[in-house]
Amino acid sequence: MKKDTTNDMTVGSPVSLIIKFMIPMCLGNLFQQFYNIADSIVAGKFIRVNALAAIGSTGSLMFFVTGWLNGLSSGFAIIVAQMFGAKKFDRMRHYVAMSIYLMAAFSIVMTIGFSLANKPILHLMNSPEEVFGDVTAYMGIIYAGLIITGAYNALAAFLRALGDSKSPLYFLIISAVINVILDVVFIVVFGMGVEGCGYATVIAQGISAVCCLIYIVKRFPILHLERKDFEICWDSFGRLLKLGIPMGLQFSITAIGSMVMQSANNGLGSVYVSAFTAAMKIKQFMMCPFDAISTAASVFCSQNLGAGQSKRIHQGLRQGVLVGVGYGAFA
């Protein structure tokens, strides 16, 4: 028998629900960072320092691209969470279907656009000449796999909209381990170089997306879509984009500053890039809880907005801010 494992956040202690939701979300963010880190470590150990610099110099660019897709899916999931909180399950499934259309469209457009602009962007970022070929090849593979990245982000966002932040974490852990294994196999066994890291990342993300899809099919009958759910509605597209685009900018806008700083640092050479890469990874790890807290509060408020519980929204907002300030002080 199929078991529905949704988590209704319209009842219970707001701060308890937010913390329980944000901890797996935070760990999931850390494991998403692990993809690029694993590539950097394996490349640096088994290829050469230039390989570490090549992958490391793409960190801020990858943060920008994946942050945009992550933000889009999180924005779309706000409406899904609202419909879930309001118990309007037919409308919820409709918005899930419309979100799938939009995520596929954005992923395809980004793949084409970034692939065509790959070399100009890297020149603009002052990628060191000694690693330019490796960087171009690595990012080309990442761009080609954006449809897979978008698929995972969308499926994970739908699960989180229904209050399940643990399952995406488990699938990320599995894919992160597979990513490391594939890195070693492609580089050490097949001698594929930096390109092997790119293929390993895309394949591992694809596995996490498939795991999410299978889990939804088996455990979330409430998310099973029918043909009628995919009937195009331009008003629904507009409503989703009004939330998705600002969230995409919020998730990726800080990466623009990092790209400017990365551009200046790239001009110093591969050794400096390698050192800067290590420091930035530590910073990104420390910042992950803030994104998790904001997503947890967003899902909580969205479900309660759909349920018409404004008092709980105020409570959740205040307590979510306190959790964020508390972590900031601790960090």
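**View 1. Gly191 in the loop between α8 and α9.** Welcome to the first close-up: Gly191 sits in the loop that links α8 (166-189) to α9 (194-219), where helices are DSSP runs of H or I with at least four residues, strands are runs of E with at least two, and both are numbered from the N terminus. The model is predicted, so local features need pLDDT of at least 70 and side-chain atom pairs count only at pLDDT 80 or more, while totals for chains, interfaces and linings use all residues. Residues are numbered from 1 along each chain as its sequence is written, and side-chain values use heavy atoms, with hydrogens and water left out. At 55% relative accessibility, Gly191 counts as exposed (buried is under 20% relative accessible area, exposed over 50%, partly exposed in between; 1.4 Å probe, protein chains only). Have a look at Ile47 too: its C-alpha atom lies 9.0 Å from that of Gly191, although 144 residues separate the two in sequence.

**View 2. Lys87 in the loop between α3 and α4.** Here is another loop residue, placed between α3 (59-85) and α4 (89-116). The backbone of Lys87 deserves a friendly second glance, since its phi is positive, about 60°, although the residue is not a glycine. With a relative accessible area of 43%, Lys87 is partly exposed.

**View 3. Leu155 and the residues it touches.** Leu155 belongs to helix α7, which covers residues 146-161. It is buried, as its relative accessible area is 14%. Leaving aside residues up to four places away in sequence, Leu155 touches Ala209, Cys212, Leu213 and Ile216; a contact means heavy atoms within 4.5 Å. For Cys212, the C-alpha atom is 6.3 Å from that of Leu155, and the two residues are 57 apart along the chain.

**View 4. Lys242 on helix α10.** Lys242 is part of α10, a helix that spans residues 234-266. This lysine is exposed, with 68% relative accessible area. If you bring Gly75 into the frame, you will find its C-alpha atom 8.4 Å from that of Lys242, with their positions 167 residues apart along the chain.

**View 5. Ile23 on helix α1.** Helix α1, residues 14-46, holds Ile23. At 44% relative accessibility, this isoleucine counts as partly exposed. Its partner in the view is Ala296: the pair is 273 residues apart along the chain, yet the C-alpha atoms are separated by 9.2 Å.

**View 6. Two cysteines, Cys197 and Cys233.** Cys197 is buried, at 0% relative accessibility. Cys233, at 25%, counts as partly exposed. How many disulfides does the count come to? The count is zero disulfides, a disulfide being a pair of cysteine sulfur atoms within 2.5 Å.

**View 7. Stepping back to the chain, with its 12 helices and zero strands.** To place the close-ups, here is the whole fold: from the N terminus on, the elements run α-α-α-α-α-α-α-α-α-α-α-α. The radius of gyration is 20 Å, close to the 20 Å of the globule rule for 331 residues, so the chain is as compact as a globular protein of that length (taken over C-alpha atoms; the rule is 2.2 Å times the number of residues to the power 0.38). Along the principal axes, the C-alpha atoms fill a box of roughly 60 × 45 × 35 Å. Of the 331 residues, 54% count as buried. Among contacts with a separation of 6 or more, residues 24 or more positions apart account for 84%. Carbon and sulfur atoms provide 70% of the accessible surface, which comes to about 14400 Å² (Shrake-Rupley method with a 1.4 Å probe; for residues, only the protein chains shown count as cover).
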